[in-house]
Amino acid sequence: MSDNKNNTEKPAPEVEPMPKVTGVGGIFFYSDNPEETQKWYTENLGIEINDWGSSSFDSRDIDNPEKINSLQWKAFKKDDDYFSPSKKGFMINYQVQNIEELVEKLRNNGVNVLDSIETYDYGKFVHILDAEGNKIELWQPI
């Protein structure tokens, strides 16, 4: 017979979430005239543009309804170098969890990680290239 008074359970150590993509965080594309393109989308599709020249589509996390997810949409001027070194006319931002371990995994897999993780008030970011040279932005919300 065991004596429960002597068996003190230690709390389980906090486990970092698996490093992976959890959703799409943004869709960015080149435009010959971003202002006119944004105006067209506002007038015809009702997409409201914020002070940063983008639109935010917010939703609730199904597993955590208190958490708000946000998908950003933005047109960039065609000669903007934000998508460099990609030659494509678009860039997708993927929302991720455990960005540090994900970047380590990507480096170990030989993926071209273009920069170091940068932290801002609204999250952590890093850029990579996929197998076809498309620039991808990874974002972990804070």
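Helices and strands are taken here as DSSP runs, at least four residues of H or I for a helix and at least two of E for a strand, and they are numbered from the N terminus. With that convention, P85 can be placed in the loop between β3 and β4 (90-97), and the peptide bond that leads into P85 from S84 is cis, with omega near 10 degrees. The model in which this bond appears is a predicted one.

Taken as a whole, the protein chain contains two helices and eight strands, and along the sequence these elements follow the pattern β-α-β-β-β-α-β-β-β-β. The radius of gyration of the protein chain is 20 Å, whereas a compact globule of 142 residues would have a value near 14 Å. Along the principal axes, the C-alpha atoms fill a box of roughly 80 × 35 × 25 Å. Of the 142 residues, 32% are buried, and among the contacts between residues at least 6 apart in sequence, 55% join residues at least 24 apart.

The pairing of the strands can be followed from β1. Strand β1 (residues 20-31) runs parallel to strand β3 (residues 64-77), and six bridges join the two; within this pairing, I27 stands opposite W73 in β3. Strand β1 is also joined to β4, here in the antiparallel sense and over eight bridges, with F28 standing opposite M91 in β4. Strand β3 pairs in turn with strand β2 (residues 54-61), the two being antiparallel and linked by eight bridges, and in this pairing D58 stands opposite S70 in β3. The connection from β2 to β3 is a hairpin of two residues. From β4 the pairing continues to β8, to which β4 is parallel over four bridges, and there I92 stands opposite I136 in β8.

The side chains can be taken up next, beginning with the nonpolar cores. The largest nonpolar core has ten residues, namely V96, I99, L102, V103, L106, V113, V126, I128, I136 and L138. The elements that contribute two or more residues to this core are α2, β7 (123-129) and β8 (135-140), and α2 gives the most, with four residues. One member of the core, V113, touches V103, L106, R107, V126, H127 and I128 when residues up to four places away in sequence are not counted. A second, separate core has five residues, among them F28, Y30, F76 and M91.

Aromatic residues form a further theme. F28, Y30 and F76 belong, together with Y82 and F83, to one aromatic cluster. Two rings of this cluster also have a lysine above them: the charged end of K74 sits over the ring of F76, 4.9 Å from its centre, and K135 lies over the face of Y82, at 5.2 Å from the ring centre.

A pair of aromatic rings is described by the distance of the centres and the angle of the planes. The structure holds twelve aromatic pairs. One of them is formed by W40 and Y41, which lie 5.1 Å apart centre to centre with 80 degrees between the planes, an edge-to-face arrangement; the angle is classed in this way because planes over 60 degrees apart count as edge-to-face. W40 counts as partly exposed because its relative accessibility is 46%, and Y41, with a relative accessible area of 24%, is partly exposed too. Another edge-to-face pair is that of Y120 and F125, with 5.9 Å from centre to centre and 70 degrees between the planes. In this pair Y120 is partly exposed, at a relative accessible area of 40%, while F125 is buried, at 14%. The two residues fall into separate classes because the limit for buried is under 20% relative accessible area.

A last point concerns the backbone. Most residues other than glycine have a negative phi, and most peptide bonds are trans. N98, although it is not a glycine, has a positive phi of about 55 degrees. The place of N98 is in the loop between β4 and α2 (99-108), and N98 counts as buried because its relative accessibility is 6%. The bond from S84 to P85, with which this account began, is cis.

Definitions and conventions
Residues numbered from 1 in each chain as written. Heavy atoms only, no water. Pairing = 2+ DSSP bridges. Phe/Tyr/Trp six-rings, centres within 6.5 Å; stacked < 30°, edge-to-face > 60°. Buried < 20%, exposed > 50% of the residue type's maximum accessible area, 1.4 Å probe, protein only. Lys NZ or Arg CZ within 6 Å of the ring centre and 35° of its normal. Core = buried A, V, L, I, M, F, W, Y, C linked by side-chain atoms within 4.5 Å. Contact = heavy atoms within 4.5 Å. Rg over C-alpha atoms; globule rule 2.2 N^0.38 Å.
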